[in-house]
Amino acid sequence: MPISGPLAGRGAIVVGGTRGIGLAVAELLAAQGAGVVVNGRDADAAAAAAQRVSGVAHAGSPADPKVADALVDTCVAEFGRVDILVNCAGTAEPAGSSILNVTSAEFHELLDAHLGTVFETCRAAAPKMVAQGCGAIVNTSSFAFLGDYGGSGYPAGKGAVNGLTLAIAAELKEHGVRANVVCPGARTRLSTGSDYEQHIAELNRRGLLDDVSMQGALDAAPPEYVAPTYAYLASDEAKEVTGRIFIAAGGFIGEFARPSTGFIGYRDHHSTPPWTVAELHAAISGA
């Protein structure tokens, strides 16, 4: 019996699709007709998730370029094309980590898990999508890129994912390939447990998180509330949507506005000397 649905005939890759948000996204894409390749580092978990969505498993870390290439090749071999790439993989910052104590190895491991994985999978998938003249990339970032949740490697990696995705969107728009970001708020293994609750409470105590943000972090909705935003961005309904950073947290949908230049002061370098420190202080502080 032919598979029907708005994504019928599409080949999709869900990185980090073995649990949490990634698994919820894989299930929804499959329910809408897409053929799904589920990726995760654990082979048994990937096989179980693939069976759950009637898809295909491909285990390994796509931060490894060989794994990323093989992941895309698997999607093409199984479903004839790669139309959708969703990156949901992530790893938590070590407990109590900050710039005061994080090691270089920990920092680079976090960058590799977030930015490295997104780069390698996009690098592998983008040429296939360009050749087809269409494709949708949906990468996962986090509110943490603002720095409010502490840490170093995690916010740095997620902020870099935002910048990379915006660059990909700008470069590939003329080829019919879209790229967007979702900053999700959902109850997953990274946002549960006593260590996480203590971390959020401590951030609130230090004034980094306000009471509303703390409550939202401690009472997040299940991943099924986030998955529809990914499915929408992967669909033809979002064919004009690219280069944007969305928020999906429970029943809340929002967007981070693109930064714009704010005016502080100006002088013509052809006719005036450089700003002095005192003049900059006056201009910036409003004194």
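Me: How many helices and strands are there in the protein?
Reply: Happy to start there. The model is a predicted one, and 43% of its 287 residues count as buried. The secondary structure of the protein comes to 9 helices and 8 strands.

Me: What percentage of the contacts in the protein with a separation of 6 or more comes from residues 24 or more positions apart?
Reply: A single pair gives a feel for such separations: A46 and G16 are 30 residues apart in sequence, with their C-alpha atoms 8.9 Å apart in space. Among contacts with a separation of 6 or more, the share of residues 24 or more positions apart is 68%.

Me: Which helix supplies the largest share of the largest nonpolar core?
Reply: This core has 32 residues, and V25, L29, V36, V86 and Y230 touch the most other members. Elements that each supply at least two residues include strand 1 (11-15), helix 1 (20-31), strand 4 (84-87) and helix 8 (227-234). With 7 residues, the largest share comes from helix 1.

Me: Which residues does V86 touch, not counting residues up to four places away in sequence?
Reply: V86 is among the core residues that touch the most other members, as are V25, L29 and Y230. Those three also appear among the contacts of V86. The full list for V86 is I13, V14, V15, V25, L29, V138 and Y230.

Me: Is the packing of helix 1 with helix 8 oblique or roughly parallel?
Reply: The axes of helix 1 and helix 8 lie 9 Å apart, at an angle of about 50 degrees. Angles under 35 degrees would count as roughly parallel. Helix 1 and helix 8 are therefore oblique.

Me: How many nonpolar residues are there in the contact of helix 1 with helix 8?
Reply: Helix 1 brings I21, A24, V25, L28 and L29, which meet A227, P228, Y230, A231 and A234 of helix 8. The crossing of these helices is right-handed. By class, the contact has no polar and no charged residues, and its nonpolar count is 10.

Me: How many of the 8 residues of helix 8 are buried?
Reply: Helix 8 is mostly covered, and what covers its buried residues includes helix 1, strand 4, strand 5 (135-140) and strand 6 (177-185). The buried residues are A227, T229, Y230, A231, L233 and A234. That makes the number of buried residues in helix 8 equal to 6.

Me: How many charged residues are in the contact of helix 3 with helix 4?
Reply: Helix 3 (residues 65-79) packs with helix 4 at an angle of about 35 degrees, their axes 8 Å apart, in a right-handed crossing. The residues in contact include D69 and D73 of helix 3, and E120, R123 and K128 of helix 4. Alongside 6 nonpolar residues and 1 polar residue, the charged count is 5.

Me: Does E120 count as buried or exposed?
Reply: E120 lies in helix 4 (residues 104-132) and touches P62, A63, P65 and A68, not counting residues up to four places away in sequence. Its relative accessibility is 12%, and the cut-off for burial is under 20%. E120 therefore counts as buried.

Me: What is the relative accessibility of A46?
Reply: A46 has its place in helix 2. Beyond its neighbours within four places in sequence, A46 is in contact with T18, V38, G40, A57 and A59. A46 counts as buried because its relative accessibility is 0%.

Notes:
Residues numbered from 1 in each chain as written. Predicted model: local features only at pLDDT ≥ 70, side-chain atom pairs only at ≥ 80, totals over all residues. Heavy atoms only, no water. Core = buried A, V, L, I, M, F, W, Y, C linked by side-chain atoms within 4.5 Å. Buried < 20%, exposed > 50% of the residue type's maximum accessible area, 1.4 Å probe, protein only. Helix = DSSP H or I, 4+ residues; strand = E, 2+ residues; numbered from the N terminus. Contact = heavy atoms within 4.5 Å. Axes fitted to C-alpha atoms, helices over the stretch in contact; angles between N-to-C directions. Parallel < 35°, antiparallel > 145°, perpendicular 65-115°, else oblique. Left-handed = near helix turned anticlockwise from the far one by under 90°. Nonpolar A, V, L, I, M, F, W, Y, C, P; charged D, E, K, R; others polar.
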